[in-house]
Amino acid sequence: MRLVKVLANLGYGSRKEMQQAIRNGWVTDMQGAPIKADSKLPHEEILFDDEPLDPAQGSVLLLNKPLGVTCSKKDPGKLVYDLFPDRFKLRKPAISTIGRLDKETSGLLLLTDDGQYLHKVISPKTETPKFYEVTLDRPLSGTEATLFASGTMMLEGEDKPLKPAELTITGEHTATLVLHEGRYHQVRRMFAATGNHVTDLHRSRIGNLMLGDLKPGEWKVLSEDEKALVIG
Ligand code: URA
């Protein structure tokens, strides 16, 4: 793809503005030498205004989602998309979250503009395990793990039983729950069905990919190896 189109699709500006930016010498190689519109330099060797280019089309981003932000494109209040540079909202194709976390759930959230990758991760066929660290209002009774693993548990208002999920109790009020599907408010509803209430919910892992040392609100681009860790 021509450089002007690459830059416009990343949201840096219109094609006309990008032609002008190249003419002005704002688009350079790593040494700061201006490059031409027909440059074949690899994405990672191009600077715009002395900064590395935004992640290339097809990238997968890992975000440590803070509490209080919504996985929606247009809810009132703060959105996960507000945690990225403003121009990301103009990207073509658009970046979307891979699945969702509730406003009051923190942790590992993936985003991409790669539809095929997105479908692989969320497809019921893949059954990608998602790990949740749960804190509860009341002490765990000790019967939850068997119920959650049964494959027969029904949530209110649904007509299909939940897939077996693995619960590991880590304290009187804390546990790790591994899900292989993603229904609306699933973790909260599963514990509500046992007469308990989730007070804190954090996703720590998807497949074999963990958050690492990303702080809340921080994000990074996944390497090909890290992308593979998600779907195994
Ligand atoms: N289950 C929930 O209840 N909330 C989430 O954000 C994810 C899973």
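Let me start with Asp54, which, if we set aside its neighbours within four places in sequence, is in contact with Leu10, Tyr12, His43, Arg87, Phe88 and Arg91. This is a predicted model, and I would ask you to keep that in mind through everything that follows. Asp54 sits in the loop between strand S3, residues 51-52, and strand S4, residues 60-65, and with a relative accessible area of 7% Asp54 is buried.

Two of the residues that Asp54 touches, Phe88 and Arg91, also meet each other, because Arg91 lies over the face of Phe88, at 5.3 Å from the ring centre, and a charge counts as sitting over a ring when CZ of Arg is within 6 Å of that centre and within 35 degrees of the ring normal. Phe88 has further ring partners, since ring pairs link Phe84, Phe88 and Trp219 into a cluster.

A second arrangement of this kind is found at Phe131, where the charged end of Arg205 sits over the ring, 4.0 Å from its centre.

That brings me to the aromatic pairs, of which the structure holds five. How are the rings of Phe148 and Phe191 arranged? Their centres are 5.1 Å apart and their planes stand at 90 degrees, so this is an edge-to-face pair. Phe148 belongs to helix H4, residues 144-149, while Phe191 belongs to helix H5, residues 186-192, so the pair ties together parts that are 43 residues apart in sequence. As for accessibility, Phe148 counts as buried at 1%, and Phe191, with a relative accessible area of 0%, is buried as well.

Let me turn now to the ligand. Which residues are found around the ligand? They are Leu101, Asp102, Thr105, Tyr132, His185, Gln186, Val187, Arg188 and Leu201. Among them, Asp102 has an N or O atom in its side chain that is 2.8 Å from a nitrogen atom of the ligand, and Thr105 has a polar side-chain atom that lies 3.0 Å from an oxygen atom of the ligand. With Val187 the backbone is involved, as one of its polar backbone atoms is 3.0 Å from a nitrogen atom of the ligand. Taken alone, the ligand exposes 240 Å², and the protein buries 96% of that area.

Thr105 also gives us a way from the ligand to Pro66, because Pro66, not counting residues up to four places away in sequence, touches Leu83, Lys103, Thr105, Pro216 and Gly217, contact here being heavy atoms within 4.5 Å. Pro66 lies in the loop between S4 and S5, and at 17% relative accessibility Pro66 counts as buried. The C-alpha atom of Pro66 is separated by 15 Å from that of Arg205, and these two residues are 139 residues apart along the chain.

Thr70 is likewise placed in the loop between S4 and strand S5, residues 96-97. Thr70 counts as buried at 12% relative accessibility, and, leaving aside neighbours within four places in sequence, Thr70 is in contact with Asp75, Lys78, Leu79, Val80 and Lys103.

The loop between S4 and S5 is where we find Pro93 too, and here I would draw your attention to the backbone. A cis peptide bond joins Lys92 and Pro93, with omega at about -5 degrees. As background, most peptide bonds are trans, and most residues other than glycine have a negative phi.

With that in mind, which sign does phi have at Asp49, positive or negative? Phi of Asp49 is near 55 degrees, a positive value in a residue other than glycine. For Asp50, phi is near 70 degrees, again a positive value in a residue other than glycine. Asp49 is placed in the loop between strand S2, residues 47-48, and S3, and Asp50 is also in the loop between S2 and S3. Their accessibility is described in separate terms: Asp49, at 49%, counts as partly exposed, whereas Asp50, at 63%, counts as exposed.

I will finish with Gly195, which lies in the loop between H5 and strand S10, residues 198-206. Gly195 counts as partly exposed, at 44% relative accessibility. From Gly195 to Glu133 the distance is 18 Å, C-alpha to C-alpha, and the two are 62 residues apart in sequence.

Technical notes. Residues numbered from 1 in each chain as written. Predicted model: local features only at pLDDT ≥ 70, side-chain atom pairs only at ≥ 80, totals over all residues. Heavy atoms only, no water. Phe/Tyr/Trp six-rings, centres within 6.5 Å; stacked < 30°, edge-to-face > 60°. Helix = DSSP H or I, 4+ residues; strand = E, 2+ residues; numbered from the N terminus. Buried < 20%, exposed > 50% of the residue type's maximum accessible area, 1.4 Å probe, protein only. Near = heavy atom within 4 Å. Polar contact = N/O pair within 3.5 Å; in protein donor to acceptor, adjacent residues only side chain to side chain. Areas by Shrake-Rupley, 256 points an atom, 1.4 Å probe, with all protein chains shown as cover.
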